[in-house]
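Biologist: Please take a close look at the disulfides in this chain. I would like to know where they sit and what surrounds them.

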Amino acid sequence: MVGHLECNITPAISGDRATLVMWYKAAQTIPFYAARVTFDARDIREGSHRSSNSSFDGRANFFPNRTPAMLEILHTKPTDSGIYRCRVDFHKSPTRHSRVQLTVIAKCHRPDLPRNLPPEKLLIVDEKGSHIRHYILGPYNEGATINITCISTGGRPLPKVQWWYDNKVINNTSVVLSDKRVRNTLVLHRLERKHLKSVFTCQAANNNVTNPISASITLDMNRDLAELFTL
C-alpha cells in the first residue's frame, strides 16, 4: 500500500516560492526527509532529495508539482502510522508548519498486537471553550457568527471528525491535537431565523471496522424585537 501525506507549499506572498521542504515524524527534531524545490519559468520542478532515516530509504518521495504537493511512502507498514510534520521554507514568506496523520490499518490475527479501537468520547465546546450544557447552544441573535468545536478523544487509529447538518457533511476538516485528540471547529456565519432549533451533529470515525460515535447540539436563538412588538 502507498501512504499519501499532503503539504501546502503555496506561499502567502504573491510572487514568492518555496525553496525547501522537510518532513518530521512525531516529535523528532531531525527531519527524516528533505527536498529542495527548484523552479523554471513555467512550473515547479523536483530538486534534490535526501533521506536521513533508514526505515524510509527508498520508500519516500516528494512530489511538489502535484496539487496539493505530496509525500508518498511506499510499502507502508503499521510502524509508519503516526503524526507527521511538514516544514516549508520560502524565499520571502515565513516558514510554514503543518501536521498530518498517517494511519496504516493492518489485519491483525495475533492477540498480542494492537487492535483497531473506536473513539472513546466526544466533547463539544462553544467559542469560549465552555462545555455546552444540556447540548443547547445559545441563545444567539440573528446575524451573529459562532464557533462550535468538537474534540474527539481516543481511538486507534485516530479518527476523522466531521460536522453534519440535515443529513449532509458540512465540515470534514480535522486537526490532530495529540496522539489521542482530534478536533473540528465549525464556523456559522450570519445566523438566520431558519437556524432556530437546528441540530448539528459531530461524528468521529476511524475506519470501517469499528462503529463511529456522535454527539449533537441544538441551536437556540433570541426572538426578534420586531416580532415581540407585534404580539
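Modeller: What follows goes through the disulfides one by one, together with the sheets that hold some of their cysteines. Keep in mind that this is a predicted model.

The count comes to 2 disulfides. Counted along the chain, the bonded cysteines pair as 1-2, 3-4. A disulfide is a covalent bond between the sulfur atoms of two cysteines.

Start with Cys7 and Cys86. Their sulfur atoms are 2.0 Å apart, and a disulfide joins them. The torsion about this S-S bond is about -70°, so the disulfide is left-handed. Cys7 lies in strand S1 and Cys86 in strand S7, which covers residues 82–90. The two cysteines are 79 residues apart in sequence, so the bond ties together separate parts of the chain. Is this pair buried or exposed? Cys7 has 1% relative accessibility and counts as buried, because the cut-off is under 20%. Cys86 also comes to 1%, and it is buried as well.

Now the sheet around Cys7. Strand S1 belongs to an open sheet of 3 strands, ordered S1-S6-S5, with antiparallel pairing. S1 (3–7) and S5 (60–63) stand at the edges. Each has a single partner strand, so one side of each is left without a neighbour in the sheet. The twist averages 20° from one strand to the next. S1 pairs with S6, residues 69–73, over 5 bridges. Within that pairing, Leu5 stands opposite Leu71 of S6.

Next come Cys150 and Cys202. These cysteines form a disulfide with their sulfur atoms 1.9 Å apart. The torsion about the S-S bond is about -80°, so this disulfide is left-handed. Cys150 sits in strand S11, residues 146–153, and Cys202 in strand S16. The pair links distant parts of the chain, 52 residues apart. Cys150 is buried at 0% relative accessibility. Cys202 is buried too, with a relative accessible area of 0%.

Last, the sheet that holds Cys202. Strand S16 is part of an open sheet of 5 strands in the order S10-S17-S16-S12-S13, and its pairing is mixed. The edges are S10 (136–140) and S13 (168–171), each paired on one side only. Direction ignored, neighbouring strands here are turned by 30° against each other on average. S16, residues 199–205, runs antiparallel to S12, residues 160–165, and 6 bridges join them. In this pairing, Lys160 stands opposite Ala205 of S16.

Terms used
Residues are numbered from 1 along each chain as its sequence is written. This is a predicted model: local features need pLDDT of at least 70, side-chain atom pairs count only at pLDDT 80 or more; totals for chains, interfaces and linings use all residues. Side-chain values use heavy atoms; hydrogens and water are left out. Two strands pair if DSSP finds at least two bridges between them. Helices (H or I, at least four residues) and strands (E, at least two) are DSSP runs, numbered from the N terminus. Axes are lines fitted to C-alpha atoms, for helices over the stretch in contact, and angles run from 0 to 180 degrees between N-to-C directions. A disulfide is a pair of cysteine sulfur atoms within 2.5 Å. Buried means under 20% relative accessible area, exposed over 50%, partly exposed in between (1.4 Å probe, protein chains only).
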